[in-house]
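Student: I have a chain open on the screen and would like to go through its fold and its domain contact. Can we take it in question-and-answer form?

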Amino acid sequence: MPLDPLQPAPARGIPARRENLRIGVVGCGAFGESYLATLAGMTGIEVVAVTDAMPERARRLAKRYSIPNVSPSFQELVARADIDAVCVVTTEDQHFEPVMAALRHGKDVMVEKPMATRLDEAQRMMEAASEHGRVLMPGHLLRFEPRYATVKQQLAEGRLGRVLFLSARRNRTKGQGRIYKRTPLVFETAIHDIDLMLWFTCQKVASVRAWTVAAVAGQEPDLLCAALKFQDGAIGMFHASWLLPDRTAVFDDHLQVLATAGAANVDLLNAGLTLWPESGPEHPDTSYEPRLHGSIQGALREQLIYFARCCREQRLPTIVSAADGVEAVRVCAALVQSAVEDREIDL
Ligand SMILES: NC(=O)c1ccc[n+]([C@@H]2O[C@H](COP(=O)([O-])OP(=O)(O)OC[C@H]3O[C@@H](n4cnc5c(N)ncnc54)[C@H](O)[C@@H]3O)[C@@H](O)[C@H]2O)c1
């Protein structure tokens, strides 16, 4: 096979240093595959084993990414002595058991968002990580996306002043909704904007109000519209939906921050790249997990590099902590309650 000119040239007899972080991945669905493809392109990482409740998924991805072991269960995977850290990428309401089992076996853990769909579970995970002295990092990916991270940095440096108002939208296609309506919209996608708002304001939420709308009465909501009041008086407003036609195939993500000494806008819809093949316009992802040079780049890779560094150096993550994951779940749970009870909820 001809060498890809963009790949590094083969090393000339210099042995690589073997200090790999040995990882197990629980959950081999769509995002589990994104994890495996990303980890495969990172140096100093060895994925030792994978598992999934649907074993054929684990076997298929193990073959595709040359992973030597397929564990019959997460219990077997987390007990392996040749694993240092575990990534839990299971369905949203199936994070608790694998995370707790991994922590009990002394593994460091990366858990996808939402950390849990129940506040008590998220709190117990955080307590268990502290009790066992392990790293527990929730996957709030956008903290590793350069545009959002730049806004955070500008705010932290005081250049924009104090945040007074934030607004966000996050629209996804109906097709994605057909898959992900299994979990309340707020835990599935709006949680990204909730986490960013908590990060940008450095405030706790005092009260929330949410409304949901379903295209077909009586079915799962297609849209969530919500307001957060922060303890210092700042307001956050956002909506998230599964309403875009499938052919749109875009990330319609926008966030605006209005602060006492300036403002910031992040717009992923106009990301600066449009392709016009004969089949119709395309807007490829350049942000979250773009596939370039034979591996995955972007925010997911940065998140995993940071997690691996925390594990190697045995440091607690500060860009995103277990407490941050718990706080996001607390706000999500209150928003679900607000929509159901049709009233403002104090936290
Ligand atoms: N940060 C992001 O941008 C982002 C994007 C997509 C998904 N996610 C998150 O990643 C997680 C996985 O999402 P997905 O899209 O891959 O879903 P998916 O349905 O494609 O895959 C989930 C997999 O978990 C497996 N599973 C469920 N319970 C299990 C258990 N107890 N043991 C082993 N395997 C189990 C299922 O069989 C399935 O294969 C979710 O929490 C989701 O919200 C995050």
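**Sheets, domains and their contact**

Tutor: Seven strands make up an open sheet with mixed pairing, in the order S12-S11-S7-S10-S9-S8-S15. The model is a predicted one.

Student: Which strands stand at the edges of that sheet?

Tutor: An edge strand here has a single partner strand, so one of its sides has no neighbour in the sheet. The strands in that position are S12 (262-267) and S15 (345-346).

Student: In which sense do S7 and S11 pair, and what is the bridge partner of Arg170 in S11?

Tutor: S7 covers residues 163-173 and S11 covers residues 252-259. Eight bridges join S7 and S11 in the antiparallel sense. The bridge partner of Arg170 in S11 is Asp253.

Student: Is the pairing of S7 with S10 parallel or antiparallel?

Tutor: S10 spans residues 235-244 and shares eight bridges with S7. One of the bridge pairs sets Asn171 against Ser241 in S10. The sense of the S7 and S10 pairing is parallel.

Student: What is the bridge partner of Ser207 in S9?

Tutor: S8 and S9 (residues 223-230) pair in the antiparallel sense, over eight bridges. Within S9, the partner of Ser207 is Lys229.

Student: What is the strand order in the open sheet of six strands?

Tutor: The pairing in this sheet is parallel. Its edge strands, S3 (69-70) and S6 (136-139), each pair on one side only. The order is S3-S2-S1-S4-S5-S6.

Student: Which residue in S4 stands opposite Val26?

Tutor: S1 (residues 21-26) pairs with S4 in the parallel sense over four bridges. Opposite Val26 in S4 is Val88.

Student: How far apart are the C-alpha centres of domain 1 and domain 2?

Tutor: The domain assignment gives domain 1 as 21-134 and domain 2 as 143-346. The contact takes 34 residues from domain 1 and 28 residues from domain 2. The distance between the C-alpha centres is 23 Å.

Student: How much area is buried between domain 1 and domain 2?

Tutor: The size of an interface is often stated as the accessible area lost when the parts come together. For domain 1 and domain 2, carbon and sulfur atoms give 69% of that area. The total buried is about 2,500 Å².

Student: How many salt bridges are counted between domain 1 and domain 2, and how far apart are the closest N and O atoms of Arg182 and Glu92?

Tutor: Between domain 1 and domain 2 the count is two salt bridges. Arg182 forms a salt bridge with Glu92, which satisfies the 4 Å cut-off. Their closest N and O atoms are separated by 2.9 Å.

Student: How many residue pairs are in polar contact across the interface, and which element gives the most to the side of domain 1 that touches domain 2?

Tutor: Nine residue pairs are found in polar contact across the interface of domain 1 and domain 2. The elements giving two or more residues to the side of domain 1 that touches domain 2 are H1 (30-40), S4 (85-88), S5 (108-112) and H5 (119-132). The element that gives the most, with seven residues, is H1.

Student: What is the omega of the cis peptide bond between Lys113 and Pro114?

Tutor: Pro114 lies in the loop between S5 and H5. The cis bond that joins Lys113 to Pro114 has an omega of about -15°.

Student: What is the phi of Cys202?

Tutor: Cys202 is in the loop between H8 (185-201) and S8 (205-213). Although Cys202 is not a glycine, its phi is positive, at about 55°.

Conventions. Residues numbered from 1 in each chain as written. Predicted model: local features only at pLDDT ≥ 70, side-chain atom pairs only at ≥ 80, totals over all residues. Heavy atoms only, no water. Pairing = 2+ DSSP bridges. Domains from an automatic or database assignment. Contact = heavy atoms within 4.5 Å. Buried area = accessible area lost by both parts, 1.4 Å probe. Salt bridge = Lys/Arg side-chain N within 4 Å of Asp/Glu carboxyl O. Polar contact = N/O pair within 3.5 Å; in protein donor to acceptor, adjacent residues only side chain to side chain.
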